[in-house]
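I opened my notebook and went through this structure one step at a time. Here is what I looked up, written for anyone new to reading protein models.

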Amino acid sequence: MTEQTVTPTRCGMVSIVGRPNVGKSTLMNHLIGQKVSITSRKPQTTRHRIHGIHTRDHYQIVFADTPGIHTGQERALNRAMNDAAVSTLSGVDVVCMMVDGLKWTPGDEHVLSLLPAKPDVPVLLIINKVDSLEDKAELLPYIESLSARYPFDAVIPVSALKEQNLEQLEKALVERLPEGDFWYDEDQLTDRSLRFMAAEIIREKVVRQLGQEVPHQVSVEVELWEDGPRVTDISAAILVERRGQKKILIGDKGERIKQIGTQAREDIERLIERRVMLNLWVKIKAGWSDDARALRSLGYDEPR
Ligand SMILES: Nc1nc2c(ncn2[C@@H]2O[C@H](COP(=O)(O)OP(=O)(O)OP(=O)(O)O)[C@@H](O)[C@H]2O)c(=O)[nH]1
Ligand SMILES: [Mg+2]
């Protein structure tokens, strides 16, 4: 009989936290190699805790992408978003705090203050967007000064977008995962339903289409989903708070909503690998973002 060494499997949860817009969702998508979480140039794009599952032969990393932690806005939606992020600072196997290059802001300071003073799991600092650093020589003293402020288990500079240093990051994460069986099937990508993903895709197109004119007071509700023999029929409402926002979203002669619909339909077709008929409409629901009950019906966890 030949002796075989069996590599034990590793599995665990890695949370990605940071202030808005540092590139958390981009990192998760690029590590997994699939678009699980929506991204945009605008802060506060991610609204929920979203798990992205990355499985290789001997390990499964369950990433928790989280909303950017922010202060100064007090709607129920903001509280729900912050709670969703802060909840991932404990009960996970590795915490990754992400920052944007060398741009340390009061927002980063706030996130740092939320990290446990004496961490019981490894906390890594991910310095993202190094592709846009002008002077790489400043990186080392920056790492040193932050390491002096918090017991980071490691500091890893990356570019999520340009996929620089992601292999090293992945290796560092796997080393820190506990041994154990996989939690999810090997081909499962996320804990979220297709319905949720479709709503998110629509919201991404809305956020990306709009300039600063409509703040992030937009939510999307899938109201109908029917898998026919050849086509999947989907109807979704885009919820806004005010009449002016509805006008902007619909655009001149409906041009804007049409574009949003086309872009979203193409992405949803790729996601579910079927033809889709997408019907969008814009609905005014004043005050939804500060209404705990409305938030619950839209799938947000109850804010504190
Ligand atoms: N140059 C550069 N841009 C990046 C990189 N990673 C992300 N970005 C850009 O940064 C912006 C924000 O990215 P997101 O992934 O949506 O950021 P986020 O941290 O998830 O933001 P919230 O969900 O709002 O908290 C997008 O325009 C990304 O394309 C990077 O490595 N380099
Ligand atoms: Mg995000």
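These entries go from the whole chain down to single residues.

**Entry 1: the whole chain**

I note before anything else that this is a predicted model. I counted the elements next and found 9 helices and 9 strands in the chain.

How does the radius of gyration fit a compact globule? For 304 residues, such a globule would have a value near 19 Å, and the chain has 20 Å, which agrees. I also looked up the box that the C-alpha atoms fill, and along the principal axes it is roughly 65 × 55 × 40 Å.

Then I turned to burial and surface. Buried residues make up 52% of the 304 residues. The chain exposes about 15400 Å², and carbon and sulfur atoms supply 48% of that area.

I checked contacts between residues at least 6 apart in sequence, and 71% of them join residues at least 24 apart. For charges, I found 41 positive and 45 negative side chains, with the centres of the two sets 9 Å apart.

**Entry 2: helix H1**

I picked helix H1, residues 24–32, to see how it sits in the fold. Since 8 of its 9 residues are buried, H1 is largely enclosed by the rest of the structure. I wrote down the buried ones: Lys24, Ser25, Thr26, Leu27, Met28, Asn29, Leu31 and Ile32.

What covers them? I found several elements doing this, including strand S1 (10–17), strand S2 (50–55), strand S3 (59–65), S4 and helix H5 (166–175). Right after H1 comes glycine 33, with a positive phi near 85°.

**Entry 3: helix H3**

Next I looked at helix H3, residues 106–114, where the buried residues are Asp108, Val111 and Leu112. They cover an arc of only 100° around the axis, so they sit on the same side of H3. A reminder I keep in the margin: an α-helix has 3.6 residues a turn, so residues three or four places apart point the same way.

Which exposed residues does the opposite face carry? On the face turned away from the buried side I found Pro106 and Ser113. The cover over the buried residues of H3 includes strand S4 (94–100). I had already met S4 among the elements covering H1.

**Entry 4: two buried residues in helices**

I looked for arginine 203 and found it in helix H6, residues 194–209. Is arginine 203 buried or exposed? Its relative accessibility is 2%, and buried means under 20%, so arginine 203 counts as buried. Leaving aside neighbours within four places in sequence, I listed its contacts as Ile38, Thr45, Thr46, Arg47, Val218, Ser219 and Val220.

Asparagine 82 was my second pick, and it belongs to helix H2, residues 76–86. It has 15% relative accessibility and therefore counts as buried too. Not counting residues up to four places away in sequence, asparagine 82 touches Gly68, Ile69 and His70.

**Entry 5: two exposed residues**

Leucine 140 is in helix H4, residues 139–147. With 55% relative accessibility, leucine 140 counts as exposed. How many ångströms separate the C-alpha atoms of leucine 140 and serine 289? I read off 42 Å for this pair, whose members are 149 residues apart along the chain.

Valine 6 has its place in the segment before S1. It is exposed, with a relative accessible area of 69%. I also paired valine 6 with tyrosine 59: they are 53 residues apart in sequence and 13 Å apart in space, C-alpha to C-alpha.

**Entry 6: two lysines with positive phi**

My last search was for positive phi values in residues other than glycine. Lysine 129 has one of about 65°. I located lysine 129 in the loop between strand S5 (123–128) and H4. At 24% relative accessibility, it counts as partly exposed.

Lysine 253 also has a positive phi, near 55°. Where is lysine 253? I found it in the loop between helix H7 (243–250) and helix H8 (255–272). Lysine 253 is exposed, with a relative accessible area of 79%.

Key. Residues numbered from 1 in each chain as written. Chains lettered and ligands numbered in written order. Predicted model: local features only at pLDDT ≥ 70, side-chain atom pairs only at ≥ 80, totals over all residues. Heavy atoms only, no water. Helix = DSSP H or I, 4+ residues; strand = E, 2+ residues; numbered from the N terminus. Rg over C-alpha atoms; globule rule 2.2 N^0.38 Å. Buried < 20%, exposed > 50% of the residue type's maximum accessible area, 1.4 Å probe, protein only. Contact = heavy atoms within 4.5 Å. Areas by Shrake-Rupley, 256 points an atom, 1.4 Å probe, with all protein chains shown as cover. Lys, Arg positive; Asp, Glu negative; His and termini not counted. Charge placed at Lys NZ, Arg CZ, Asp CG, Glu CD. Arc of directions from axis to C-beta.
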